[in-house]
Amino acid sequence: MLQLKPQAAFTLIELLVTITVFGIMLAIGIPNASNWLLANRARGASEFYAEGFSMARRQAVSHNAFSRISLTPNTNTGQMDWQVDICFVGTNTACAPDDASWSTTAAPAANDPLGAAGFRSIFRSADALPSSEVLAPSTLPAGASQVYYTATGWVDTTFAQRLTQLRLDPSSKYAGDVPVVALAITLAGMASKCDPTLATTDNRACPP
């Protein structure tokens, strides 16, 4: 007669040991995983802003028009949302900052060659970024929030309070995981990453 071998089973002690080890792994792993995910989100913040500067320059060149990027506070995270607008110079349109001829998210710019089907402003919310308690943004000069571009993609230097640098400083808790990063906006309209903590003699440092 065929006899079945008895199946090995967990004893109560083995089960308790397994649960204890699993609990310890969770207690250690979950906070570390959370920190890792948050650190990755913080590192990606500079890409979020770099995309905005790149888009503003690209829209100016592709539409042969003036463009601008405006940074505004995000009330949920303390970071900054951005919006890219364009403007076409016309007989009664100089594309000054206070002109009503700039595009909006609801309507194209005045004088847009495509009329009602023209370019509408692009808005990006900073809701997905870490809070300012994790990664604090600041601008140079202090309080500056806009960059204007000419139709050739160069920065228009005629506007006062032109944003030249955006800096992102991690809190002390994440200082070891997330480096201080800044975006310097060159006169050619490019936003390049730099390290504001380095001496100006280092080619990775931010321009003075």
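Contact here means heavy atoms within 4.5 Å, and angles run from 0 to 180 degrees between N-to-C directions. With that in hand, α2 lies across β1, β2, β3 and β5, running at about 5 degrees to β2. Keep in mind that this is a predicted model.

**The sheet with β1 and β2**

The strands that α2 lies across make up an open sheet of 4 strands, in the order β3-β2-β1-β5 with antiparallel pairing. At the edges stand β3 and β5; each has a single partner strand, so one side of each is left without a neighbour in the sheet. Ignoring direction, neighbouring strands here are turned by 10 degrees against each other on average. Inside the sheet, β1 and β2 run antiparallel and are joined by 8 bridges. If you want a spot to start looking, F66 stands opposite C87 in β2.

**The sheet with β6 and β7**

The other sheet to look at is also open, with 4 strands ordered β4-β6-β7-β8 and antiparallel pairing. Its edge strands are β4 and β8 (191-194), each with a single partner strand, so one side of each has no neighbour in the sheet. Neighbouring strands in this one are turned by 20 degrees against each other on average, direction ignored. Here too α2 turns up: the helix packs on the sheet, touching β4, β6, β7 and β8, and its direction makes about 10 degrees with that of β7.

Strand β7 (residues 181-185) is joined to β6 (residues 165-170) by 4 bridges, and the two run antiparallel. Within that pairing, R167 stands opposite A182 in β7. On to β8: 4 bridges join β7 to β8, again antiparallel, and L183 stands opposite K193 in β8. Those two strands, β7 and β8, form a hairpin with 5 residues between them.

**Backbone oddities**

Here are the residues with a positive phi.

| Residue | Where | Phi |
|---|---|---|
| N64 | loop between α2 (45-63) and β1 (66-73) | near 50 degrees |
| C95 | loop between β2 (80-87) and β3 (122-124) | near 60 degrees |
| G189 | turn of the β7 and β8 hairpin | about 90 degrees |

Neither N64 nor C95 is a glycine. Which of the labels buried or exposed fits N64? N64 counts as exposed, because its relative accessibility is 59% and the exposed label needs over 50%. C95 goes the other way: its relative accessible area is 2%, and buried means under 20%, so C95 is buried.

There is also a cis peptide bond, running from L140 to P141, with omega near -10 degrees. P141 lies in the loop between β4 (135-140) and β5 (146-149).

**The largest pocket**

L140 comes up again in the largest pocket, as one of the lining residues. What is the volume of this pocket? The figure is about 150 Å³. Along with L140, the lining takes in R162, T164, Q165, A184, I185, T186, L187, P207 and P208. By type, the lining divides into 6 nonpolar, 3 polar and 1 charged. Rolling a probe the size of a water molecule over the atoms shows where empty space is left.

Terms used
Residues are numbered from 1 along each chain as its sequence is written. This is a predicted model: local features need pLDDT of at least 70, side-chain atom pairs count only at pLDDT 80 or more; totals for chains, interfaces and linings use all residues. Side-chain values use heavy atoms; hydrogens and water are left out. On a 1 Å grid over the protein atoms alone, a cavity is a set of points where a 1.4 Å probe fits but cannot get out, and a pocket is an open set with protein on both sides within 12 Å along at least five of seven lines; lining residues have an atom within 4 Å of a point. Grid points are joined across faces, edges and corners, and a volume is the space filled by probe spheres set on the points. Ala, Val, Leu, Ile, Met, Phe, Trp, Tyr, Cys and Pro count as nonpolar, Asp, Glu, Lys and Arg as charged, and the others, Gly among them, as polar. Buried means under 20% relative accessible area, exposed over 50%, partly exposed in between (1.4 Å probe, protein chains only). Two strands pair if DSSP finds at least two bridges between them.
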